[in-house]
Amino acid sequence: MASMNIVNVGKAYGSLTVIHGVSVEIPDGEFVVLVGPSGCGKSTLLRMVAGLEPITFGDIRIDGKVVNDLPPKDRDIAMVFQSYALYPHKTVAENMGFALKMRGETRADIDERVRKAAEILDLMPYLARYPRQLSGGQRQRVAMGRAIVRDPKVFLFDEPLSNLDAKLRVQMRAEIKELQRRLATTMIYVTHDQVEAMTMADRIVVLRDGRVEQIGTPRTLYDTPANTFVAGFIGSPSMNLIKGHIRAAAEPFFETDDGIRLPLDRAPAGSDGRPAFYGIRPEHFTLGGAVSAHVTVVESTGSETQVFARLGQQKIIGVFRDRIEEPSDRVIAMTPNANLVHLFDAESGLRLD
């Protein structure tokens, strides 16, 4: 187990900088998820931590020791990739113990470590099988077992569930989180799937264009997003961001660009007339009220109904537990919960408190 500090780390390819001074402090035993859209730099950052990509500037420290110039094999880190990369001609046991064999460990020690890892991952019945005889989830567990037997200070995961179907991804999410709790080991996990990030992480690092947008617990990022990017990225479906102006009257309200009034419980000081985004999560609407929206699509997921609509010229989505049929007049009345509204500056996108 180990703590890790990523201190003002950057990466440039010639004149093109792709990581712009990222800093993250990871205590011993924490599960941190790097999340963001494709091209945000999360995998590049993970590869720099692993030593697979050179650092242009900044420091990476493991237990306080700078490891910038250490080769990957000397960093005591184990990495699980999106591709299982198992040896097809080796059994599960041989795949899991191969790195130990290359290090010159004794047969008895290799067998013991493989057995312990197999017990943790429920792979004992499959140790004599070959990868072609395993399901996708079992292969991914073998790849994880190959990392566990090394007993590293830090585990790195680079989108390990992307190749699995939806049901298996849900199962493997729970297994990886349970594994982290049992091993109490520091883990850094990369994904573009914000649902994975929300369900697995102790803390989330949201990246965009090689920069950190916000770091916090899943609940913090969900309840108090720092800007419109985090607000729109965290949460599924994403937060509604409606353009308009704050009206700080005796009873404050928000006026959309189409002149529609939306409720506010309070307005920030000095914000009267300020251009802003009115943020409301889809599940924070209730049916009924004075706000009418033009329905475009109604989707039922069984437990919920998602209503896609237009509020004036702006698209919104509401999520309801009620069973809703598509209205014949294509108009639905809905009210945002004023206590759960988020306001963001229209120009900077930053949260207004």
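This passage describes the overall make-up of a predicted protein model and then one of its sheets.

The secondary structure of the chain amounts to eight helices and 20 strands. Along the principal axes, the C-alpha atoms occupy a box of roughly 75 × 45 × 35 Å. Of the 353 residues in the chain, 46% are buried. The surface that the chain exposes comes to about 16,700 Å², and 48% of this area is supplied by carbon and sulfur atoms. Charged side chains number 43 positive and 44 negative, and the centres of these two sets are 6 Å apart. When contacts between residues at least 6 apart in sequence are considered, 67% of them join residues at least 24 apart.

Attention now turns to the sheet. In general, the strands of a sheet pair through backbone hydrogen bonds, and the pairing is either parallel or antiparallel. Here, four strands form an open sheet in the order β2-β1-β4-β5, and their pairing is antiparallel. Strands β2 (residues 16–26) and β5 (residues 65–66) are the edge strands, as each of them pairs on one side only. Strand β4, which spans residues 57–62, runs antiparallel to β5 and is joined to β5 by two bridges. Within this pair of strands, R61 has V66 of β5 as its bridge partner.

A helix accompanies the sheet. Helix α1, formed by residues 42–50, lies across three strands, namely β1 (residues 4–13), β2 and β4. The helix runs at about 115 degrees to β1.

Conventions. Residues numbered from 1 in each chain as written. Predicted model: local features only at pLDDT ≥ 70, side-chain atom pairs only at ≥ 80, totals over all residues. Heavy atoms only, no water. Pairing = 2+ DSSP bridges. Contact = heavy atoms within 4.5 Å. Axes fitted to C-alpha atoms, helices over the stretch in contact; angles between N-to-C directions. Buried < 20%, exposed > 50% of the residue type's maximum accessible area, 1.4 Å probe, protein only. Areas by Shrake-Rupley, 256 points an atom, 1.4 Å probe, with all protein chains shown as cover. Lys, Arg positive; Asp, Glu negative; His and termini not counted. Charge placed at Lys NZ, Arg CZ, Asp CG, Glu CD.
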